[in-house]
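Let's take a look at how two chains meet, and then at a pair of residues with an unusual backbone angle. Have the structure open as you read.

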There are 2 protein chains.
Amino acid sequence: MNIHAENLAAQLRAVFRAWGMSDPATEASVRMMIAADLRGIDSHGAMMLPLYDQLRREGRLNMAPEVKIVRESPVTALVDGDGGLGHYPAETAMRLAIDKAARAGLAAVGVRNSNHFGAAGVYALQAAERGLIGIAMTNVWNTAIVPTRSTAAMFGTNPIAFAAPGKNNPPFCLDMATSTVAIGKLKLAALHDKPLPRGWALDAGGAATESAQAALASRKLTPLGGTPELSSHKGYGLAAMVEILCAMLPGAWFAPTRAQRHPDAKRFNVGHFFMALDPKAFRGEGEFETDLDDMLDALRASRPLDPAQPVLVHGDPERAAIVERERHGIPVPEALAEQLREVARNCGAQVLI
Amino acid sequence: MNIHAENLAAQLRAVFRAWGMSDPATEASVRMMIAADLRGIDSHGAMMLPLYDQLRREGRLNMAPEVKIVRESPVTALVDGDGGLGHYPAETAMRLAIDKAARAGLAAVGVRNSNHFGAAGVYALQAAERGLIGIAMTNVWNTAIVPTRSTAAMFGTNPIAFAAPGKNNPPFCLDMATSTVAIGKLKLAALHDKPLPRGWALDAGGAATESAQAALASRKLTPLGGTPELSSHKGYGLAAMVEILCAMLPGAWFAPTRAQRHPDAKRFNVGHFFMALDPKAFRGEGEFETDLDDMLDALRASRPLDPAQPVLVHGDPERAAIVERERHGIPVPEALAEQLREVARNCGAQVLI
C-alpha cells in the first residue's frame, strides 16, 4: 500500500504524543523520519518505529529529555540529548552549526547522550538549503563493521553525509554508510534466497561468506572496499574517523568497550558530529555555486558505459524518489503497516493508517 | 641502495636552490618530501623530483612564488600559492589552520594556485602533534578516478587525510586516496607481469580490466569500492567531496573542464583544504585522548583472522617504516638515484648521492 506523507506523519505524531514526547521532539522526529521516507531511504524512516518502541519499553529511551547546550563558543557547541531519540538533539545541533557558520564562516557541533537520528543526509541538506556546505555523521550503538584483518565487529555502519549548494543544480548530497552495504541488503538477498556478492559480509568466525543467512546471523559487515585486496582498510579508516568525531569528540560511547566502561548504564549514549561551512568565507558571491554546477554538469554529461544508465551525481536518486512519493505516496509493505498499527494500539494512540 | 634521510634532504635542497626556489619554499618542500619517504610513502617523496623538474621545464611551475593570504577571518583563510610547488603554501595553510584552531577551537584554510603537495597525512599529523584533530585533502591536475557508470576519468586520486592525538598512543592517522588503489600498484603488477584484481582499474573504453598494461595505458582507476556491486558510488562520492572542498571552495580548477574554461593557462591551479579542530572545545583536558586510546587499544586487541597478521590502526605501518628508515636509511632504487643525479646535473646542482 502507498500512504501519503501527511497521513504517515499523522500516525507517527499520534504515537510519539502517546509516548509522552514533548511537542518539539515529536515534530523533529516526525519531520526527519518522513524526510527519509520521501527520499527513498526506507530503512531510516517509519520502519524504525518498532525498534524505537522496543528501546522505549526496555527503558533505554528518555521520553521527556531535556536537550541542552552544555558548552558553546562562537564556532563550536556541545549538545546533550539527555537520552531521548536522536532527531531532536541532532536537528538542534545542525541548526546551531548553520547559524554559527552563517555568522563566522565555519562551525562544528557535537552531540552526546543521543540515539538513532534517522538519515544523515537530511541534516547535511539543511545546511545546503541555507547556502552552506553541510556535514553530518553519527556513530551507532550496535556494531557491524569488522576492521580489516579482524574477526570482531567494532563499529556501527557509521555514516558520512556531505551536502553542497549548486547554482542551477539542486544540492550535491552524498549520504553513505562506511560499510560496503547496509544490513538491509543482506535481508533482501535472504528474502530472494540469493548468494551475497563476495566482499559484502562475514560469517560468525570473521571469514568472508556468500550466505545471507550466515551474514544476518553474525551481523558482520565489511568496511567499504570489501576485501583487503580492494582496500577495505580505507573503509575501516573512514569508520574509525566517524567514531572519533562522533564518540570521542563529544563524549559518547564506543560500543565494544561500553559494557566494560559503563557496566550499569541502560542507555546507549550515541554521538553525532555536524559541521557547516560558508563558501562566502572563501569565494565571492555565487562563485562556488557556479563552479559546482560546472562539475555536476560535466559529471552528468560524461559518457556512460551503458547508455541506458546515465551517470548520476549524489542526490539524484533521492530527488527522483521525492517526486514519485510526493505524488503517489510512500510505499509501505502491509507487514510494516501492521507493525505500525500495533505500536499505535499498544500505547493507546489512534490508528490512522 | 639506502640513503640516509639527511643526505637525501641535502640532495633535494641543492636542486631546489639551483632552481632558484626561495629558502622557505625549499625547506618546506624538502621537509615534506623527506617526511613522506621516512613514512614509507615512496610515491610522494624524492620520487616526485623528476616530475617536478619536468613541470618546471615546461614552464608550469613558478620558481619564485609569492605565497599570500588573500582572505582571512578568525576561523578561515584562503592562501594563494602563486603557481609554485604545493608544499610551501600547504604548510603555510596548515599552520594557519592550527594556530587559528588553537585559539578559536576550529579553523579551515583553503589553498588555490598550488600544485602537488606530497603526502596529505604529513599535514594532518602536524595538527595532531599540536594536540588537535587535523584534516588535509587535495585535488589533482591529472585525472584517474572514473565515476560509477561513467567511462571517463573525472577526478584525480583525491586523497583524504585525518589525524587525531591519543594519550599513550601515537596519533591515529588515516591517509587514503579515494581510488581503490594508487597508480603505483598498477605499475608493480605490470613489473611482475601479474593480472590485476578485478575492481582496481578500467581499460580505455571504461570496462573493467585485469590487464595492468591496459590500465596503465588508460590511467583509469575505480573509485573506492571497486565495482558498482561493492558500492563504488561511495568512493565516487568521496572523490567528489574532496573536489568540492579543494577546487570549488578555494577557487582551484576542475581538471575535466580546465581546457575549456581556461584555454590559455599553462599552470594547473591545484587546490587543497585543511582543517584543525581542538578537542578541548568539546571535552575536558585529556578526556578525548583517553577515549581515543580506549578505541585504539580495543582495535589492536581484537582477534585477527590470521594470528600472523594482527589488527592494525591507521598510522601503525608508517611508524614502523620511520623506525626502520631512520636507522637504516631510505631505500632508493638505483634507477631512481640515477634520475635524481641527472636532475641535479641538469640544473648545475652538486651531486650528493
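Where chains A and B touch, the contact takes 67 residues from chain A and 67 residues from chain B; two residues are in contact if their C-beta atoms, placed from the backbone, lie within 7 Å. This is a predicted model, where local features need pLDDT of at least 70, side-chain atom pairs count only at pLDDT 80 or more, and totals for chains, interfaces and linings use all residues. Residues are numbered from 1 along each chain as its sequence is written, while chains are lettered from A and ligands numbered from 1 in the order in which they are written.

Which element gives the most to the side of chain A that touches chain B? That's α10(A), with 8 residues. Among the others that each supply at least two are β4 (106-114) and α8 (232-248) of chain A. Helices (H or I, at least four residues) and strands (E, at least two) are DSSP runs, numbered from the N terminus.

Now for the backbone angles. Ser231(A) and Arg219(B) both sit in loops, and neither is a glycine, yet each has a positive phi.

| Residue | Phi | Loop between | C-beta neighbours inside 10 Å |
|---|---|---|---|
| Ser231(A) | near 70° | β10 (220-221) and α8 of chain A | 28 |
| Arg219(B) | about 50° | α7 (212-218) and β10 (220-221) of chain B | 16 |

Ser231(A) counts as buried because it has 28 such neighbours, whereas Arg219(B), with 16, counts as partly exposed. The cut-offs: buried if 20 or more other C-beta atoms lie within 10 Å of a residue's own, exposed if 12 or fewer, and partly exposed in between, with C-beta atoms placed from the backbone.
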